[in-house]
Amino acid sequence: MHVKKHFSLFKTILFSCLMLCLPAFVHAWPVPDTGQTKCYDDTGEIPCPQPGEPFYGQDGNYTINPMSYTKLDASGNALPDSAASWTMVRDNVTGLIWEAKQDKDGTVNYANPHDADNTYTWYDSNPATNGGNAGTAGDGTDTEDFINTLNTANYGGHNDWRMPTIKELAYIVNYNIPSPGPTINTNYFSNTPAAFYWSSTPTAGCASCAWGMFFYNGFNSGHVGKGTSYSVRAVRGGLTGVFDHWSINGDGTVTDTDTGLMWQQETPDNGMTWEQSLSYCENSNLAGYTDWRLPTIKELVSLVGYSRFGPAIDTTYFSDTPAGYYWSSITYASNTSYALYMCFYDGGGYNTNKSGLSYVRAVRGGQAGPSGDLDGDGFTTAQGDCNDNDATIYPGATEICGDGIDQDCNGSDLACSSAGDFISLFDPVASAFYLKNELSGGSADTSFRFGPQDSGWMPIAGDWNGNGQETIGLFNSDPSRFYLKNSQSGGNADVSFDFGPDYNDWIPITGDWDGNGQCGIGLYDPLNSKFYLKNGLSGGNADYTFRFGPANSGWQPIFGDWNGDGKDSIGLYSPQDGKFYLRNSLSGGSAEITFLYGPKGSTWTPICGDWDGNGADGIGLFNPATSSFYLKNSLSSGNAEIRFDFGPDGMGWIPLAGTWE
């Protein structure tokens with residue numbers, strides 16, 4: 001049975017904006033381990049310390065996503081580690097496929113693009129990606145020529161080879177190897193000169209420069225002129241993730257949904273020595289977690305925003321970030337009195353004496369799943385996981401109807417059995433409802449008055465009697481009383497009861513909280529960001545009481561069945577940054593789904609509903625200034641999939657959603 005109940009109500013100010021179009025995709029994967037297995041104090045190697053001992057928490061104490069590679073032949077088939085020749089290398093942590101080099105004999109040979117001795121000037125003719133300066137073109141001797149040669153030849157059976165980003169290069173460095181290197185696993189990346197390798201990443205603030213990695217010491221630098229010839233290694237493939245992969249959790253932490261890492265949001269005021277920074281992170285209980293640690297240099301690289309400098313980080317999420325040095329947990333293998341740090345002025349990784357003072361930002365999480373479980377969902381292919389590259393697909397997972405995906409691995413997608421939701425508007429001055437039976441503009445299909453005019457009462461909608469159809473209702477805060485109708489008509493309420501404190505600014509919400517096919521009601525306290533939900537239509541105590549999100553923030557409550565399991569849950573919408581924070585359970589904690597949608601700082605109103613009838617709710621926004629609806633069939637950023645105008649402009653009318661017929 002289709003049961004939904006979607007409504008969001010907030011005071012609006014006349015304002016008009018354009019929908020935001022967000023950039024497309026970036027890479028998403030776990031951060032590989034660094035390869036460092038030994039432990040050190042301020043001067044030299046020591047037995048690896050135990051918890052509570054000095055210097056515990058350094059990189060040698062943790063093995064997280066250990067580096068793993070597979071040799072591939074010219075057709076992409078896996079070869080044994082003992083193979084004497086191979087064409088490509090697969091990184092089993094990131095999924096990237098890397099070019100294998102040949103003929104490291106000290107003589108360049110541009111007739112063979114895989115010759116390890118060839119060097120190239122940096123050149124990118126695409127103004128959208130070259131940082132404002134194309135670089136230095138050559139005649140077969142620039143990086144664009146090199147990539148074009150591989151793709152023209154369909155190297156390895158593919159024509160999507162490209163230059164690696166600076167983060168991708170950092171992820172294959174082995175920091176256990178001292179200078180002069182090469183600081184890479186030569187059992188797989190043989191014929192690798194201990195040299196500087198170009199990345200595709202231009203340098204912010206220096207149009208004539210680009211980033212690269214020194215494979216003789218593992219340092220990266222963006223202060224290298226594009227006209228100088230250096231080594232290049234091509235890459236292809238990998239997973240993708242949404243552009244906005246950061247989630248502010250409202251508890252002093254920020255989660256990177258691409259890497260699975262949770263970061264301390266603010267930087268401690270005082271600089272620390274390396275030993276002090278290890279102790280600080282290990283003893284932190286920020287947000288109630290006790291597994292904080294000092295990040296590796298690769299994890300710090302994942303945090304850098306290389307399109308920025310001074311600081312080189314997204315200050316929307318990490319506003320308190322000095323453009324200075326941040327300790328990593330890694331000892332510099334060539335001088336064990338030094339540790340590696342990340343400079344957040346530009347994103348360069350270097351080393352300094354451990355007795356010096358640098359900033360600290362703690363991290364937690366990022367661990368890989370059980371052995372053989374590629375996506376970390378707890379099931380391997382041998383255990384019946386029908387897609388071991390997607391953590392939402394595994395035996396027993398919640399099936400989403402009509403999306404073409406077999407989430408629970410039972411051999412088929414769940415068919416949807418109901419129509420989708422439509423929209424409505426409520427005129428608070430006349431206390432009139434205008435219902436549409438399709439997602440379009442035009443005249444209302446049903447209109448009627450219900451309740452006193454110009455009263456300040458708030459409209460709601462829900463399936464009050466379990467017949468599969470939403471009807472309307474009103475909430476009066478003085479006293480805190482619900483008035484519900486079982487038909488789309490005026491007249492007296494069919495159900496009325498008191499719930500919640502009188503004379504308050506709490507906001508009414510409705511939803512099928514227990515999945516019984518009938519809507520209950522609820523209230524949201526914006527001052528404390530607290531939800532009070534009832535499974536039935538009556539007064540008394542709430543069945544669910546919990547906090548979610550920041551208190552007194554101006555965020556707006558929403559509700560819907562986000563995963564298609566037949567139960568509604570809650571969420572919040574932040575108008576300041578145009579971001580949705582959704583929960584799949586009726587409890588506090590971190591948001592499980594976060595994304596940007598729509599303009600920041602607007603007075604647009606969020607609205608949620610099952611627009612395509614697939615059993616799971618999407619989101620939307622209503623612009624009261626133009627009476628425009630912008631609806632999404634998915635919980636994601638990007639453009640609206642359904643857009644239309646309905647109702648008069650600038651009248652302060654309030655949107656609802658439901659199955660009206």
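**Strands, hairpins and cavities: a chat over the model**

Colleague: Let's start with one pair. Which residue in strand 35 is the bridge partner of F580?

Modeller: Keep in mind that this is a predicted model. F580 falls within strand 34, residues 579-582, which is joined to strand 35 by four bridges, the two running antiparallel. Across that pairing, the bridge partner of F580 in strand 35 is F595.

Colleague: And which strands stand at the edges of the sheet that those two belong to?

Modeller: It's an open sheet of four strands, paired antiparallel in the order 32-33-34-35. The strands at either edge have a single partner strand each, so one side of each is left without a neighbour in the sheet. The twist from one strand to the next averages 20°. Those edge strands are strand 32 (556-560) and strand 35 (593-596).

Colleague: There is also an open sheet with the order 24-25-26-27. Which strands are at its edges?

Modeller: That one has four strands and antiparallel pairing. Each edge strand has a single partner strand, so it has one side with no neighbour in the sheet. Ignoring direction, neighbouring strands here are turned against each other by 20° on average. The edges are strand 24 (458-462) and strand 27 (495-498).

Colleague: In strand 26, which residue is the bridge partner of S477?

Modeller: Strand 25 covers residues 471-477 and strand 26 covers 480-484, and five bridges join them in an antiparallel run. S477 is the residue that ends strand 25. The bridge partner of S477 in strand 26 is S480.

Colleague: Zooming out, how does the radius of gyration of the chain sit against the globule rule, and what is its value?

Modeller: The chain has four helices and 40 strands. For 661 residues the globule rule gives 26 Å, and the chain's own value is close to that, so the chain is as compact as a globular protein of that length. Along its principal axes the C-alpha trace spans about 90 × 55 × 50 Å. The radius of gyration itself is 28 Å.

Colleague: What share of the residues is buried?

Modeller: Buried here means under 20% relative accessible area. L150, in helix 1 (residues 143-152), is an example, as its 1% relative accessibility makes it count as buried. Across the 661 residues of the chain, the buried share is 53%.

Colleague: While we're on L150, how far apart in space are L150 and Y56?

Modeller: In sequence the two are 94 residues apart. Going from C-alpha to C-alpha, the separation in space is 46 Å.

Colleague: Now strand 8. Which residue in strand 12 is the bridge partner of L96?

Modeller: Strand 8 (residues 96-99) is covered on both faces, with L96 and W98 buried on one side and I97 and E99 buried on the other. Three bridges join strand 8 to strand 7 (residues 88-91), antiparallel, and there R90 has I97 as its partner. Strand 8 also runs antiparallel to strand 12 (residues 235-237), again over three bridges. In strand 12, the partner of L96 is G237.

Colleague: Which residue takes a positive phi in the hairpin of strand 7 and strand 8?

Modeller: Four residues lie between the two strands of this hairpin. The residue with a positive phi, near 85°, is G95.

Colleague: And strand 38: which residue of strand 39 is the bridge partner of L631?

Modeller: All four residues of strand 38 (628-631) are buried, S628 and Y630 pointing one way, F629 and L631 the other. On the strand 37 (residues 618-623) side, there are four antiparallel bridges, with N623 standing opposite S628. Strand 38 also pairs antiparallel with strand 39 (residues 642-645) over four bridges. The partner of L631 there is I642.

Colleague: Any enclosed space? What is the volume of the largest cavity?

Modeller: A search of the whole structure turns up two cavities of 30 Å³ or more. The largest is lined by 13 residues, with Y175, I177, N217, Y332 and A333 nearest its centre; the lining splits into seven nonpolar, six polar and no charged residues. Its volume is about 60 Å³.

Colleague: How many charged residues line the second largest cavity?

Modeller: That cavity holds about 30 Å³ of space. Its lining is made up of D33, D59, Y62, I64, R293, L294, T296 and S329. Sorted by type, that gives three nonpolar, two polar and, for charged residues, three.

Terms used. Residues are numbered from 1 along each chain as its sequence is written. This is a predicted model: local features need pLDDT of at least 70, side-chain atom pairs count only at pLDDT 80 or more; totals for chains, interfaces and linings use all residues. Side-chain values use heavy atoms; hydrogens and water are left out. On a 1 Å grid over the protein atoms alone, a cavity is a set of points where a 1.4 Å probe fits but cannot get out, and a pocket is an open set with protein on both sides within 12 Å along at least five of seven lines; lining residues have an atom within 4 Å of a point. Grid points are joined across faces, edges and corners, and a volume is the space filled by probe spheres set on the points. Ala, Val, Leu, Ile, Met, Phe, Trp, Tyr, Cys and Pro count as nonpolar, Asp, Glu, Lys and Arg as charged, and the others, Gly among them, as polar. Two strands pair if DSSP finds at least two bridges between them. Axes are lines fitted to C-alpha atoms, for helices over the stretch in contact, and angles run from 0 to 180 degrees between N-to-C directions. The radius of gyration is taken over C-alpha atoms; the globule rule is 2.2 Å times the number of residues to the power 0.38. Buried means under 20% relative accessible area, exposed over 50%, partly exposed in between (1.4 Å probe, protein chains only).
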